[in-house]
Amino acid sequence: MKKIFFAAVISMLALGAQAQKYVTVDMEYILKNIPAYERANEQLNQQSKRWQGEIDELVQEAEILYKKYQSESAFLSDAQRIEREEAILAKEKEASELKRHYFGPTGEVYKKRESLMAPIQEEVYNAIKDICDLKKYTMVFDKSSATSLIYASPSIDISSEVLVKLGYSE
């Protein structure tokens, strides 16, 4: 009885799998061909460089304080030494907090990327969904990031079609 049940389940899965239509897209290729994405990426890179510059300034200030402390430590009282050490630690902590604020998991870079990229990604997703609905595709793999995708026939890659749907030519 169990053998018959398993055979029936496997048959149903095999028939269902044959009815599936799979295609691939190359998101890297699609996004490279969308000027708004390239502009948003450049804007994000420029902002990141400015923020990194602010952090680097604080780190440099901490280094200067430390070098000055090292050169003068022999002449400082215990209270002055403690005061200088606390100032150095405070500057390092300020740099660390600023780095986390800008580049942390929920930092400003993440928020900026979301605000710049989300509309573009939504537009691409909708174009892919429209093509899939029209052509009855059931599954789409991103061949530029799917580590489990070993081979994909170029005939099932709809990346160019997505760009056309978005109004961009190759």
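Which residue forms a salt bridge with D130? In this predicted model, the partner is K165, and the closest N and O atoms of the pair are 3.8 Å apart. K165 belongs to helix 6, residues 159–166, whereas D130 belongs to helix 5, residues 108–135, so the salt bridge ties together parts that lie 35 residues apart in sequence. Both partners are partly exposed: K165 has a relative accessible area of 47%, and D130 stands at 38%.

Allow me to place this pair in the overall fold. The protein contains 6 helices and 2 strands, and along the sequence they follow the pattern α-β-α-α-α-α-β-α. Of the contacts between residues at least 6 apart in sequence, 79% join residues at least 24 apart. The protein has 170 residues, and buried residues make up 25% of them. About 12100 Å² is exposed, with carbon and sulfur atoms supplying 56% of that area.

I now return to helix 6. Which of its residues are buried? They are S159, V162, L163 and L166. These four cover an arc of only 100° around the axis, which puts them on the same side of helix 6. The buried residues pack against strand 1, residues 22–25, and also against helix 2 and helix 5. Helix 5 is therefore met by helix 6 in two ways: through the packing of these buried residues and through the salt bridge from K165 in helix 6 to D130 in helix 5. Just after helix 6, G167 takes a positive phi of about 95°.

Helix 5 also has helix 3, residues 35–72, as a neighbour: the two axes come within 10 Å and cross at roughly 170°. With angles over 145 degrees counted as roughly antiparallel, helix 3 and helix 5 are therefore roughly antiparallel to each other. On the helix 3 side, the residues in contact are A36, Y37, A40, N41, Q43, L44, S48 and W51. On the helix 5 side, they are E108, V109, K112, R113, L116, M117 and I120.

Let me turn to the other salt bridges. As a general point, side chains of opposite charge can pair when their charged atoms come close. How many salt bridges does the structure hold? The total is 11, and I shall describe some of them.

One of them joins K32 and E28, with the closest N and O atoms 3.9 Å apart. The two residues are 4 apart in helix 2, residues 27–32, which means that about one helical turn separates them. K32 is exposed, at 55% relative accessible area, while E28 is partly exposed, at 45%.

Another joins R81 and D78, at 2.8 Å from N to O. This pair lies in helix 4, residues 78–103, and because the residues are 3 apart, about one helical turn separates them. R81 is partly exposed, with a relative accessible area of 24%, whereas D78 is exposed, with 55%.

Salt bridges also link E61, K91 and E94 in a network.

To close, I would set two kinds of pairing side by side. K32 with E28 is a pairing inside one helix, helix 2, and R81 with D78 is a pairing inside helix 4. K165 with D130, by contrast, ties helix 6 to helix 5.

Methods:
Residues numbered from 1 in each chain as written. Predicted model: local features only at pLDDT ≥ 70, side-chain atom pairs only at ≥ 80, totals over all residues. Heavy atoms only, no water. Buried < 20%, exposed > 50% of the residue type's maximum accessible area, 1.4 Å probe, protein only. Contact = heavy atoms within 4.5 Å. Areas by Shrake-Rupley, 256 points an atom, 1.4 Å probe, with all protein chains shown as cover. Salt bridge = Lys/Arg side-chain N within 4 Å of Asp/Glu carboxyl O. Arc of directions from axis to C-beta. Axes fitted to C-alpha atoms, helices over the stretch in contact; angles between N-to-C directions. Parallel < 35°, antiparallel > 145°, perpendicular 65-115°, else oblique.
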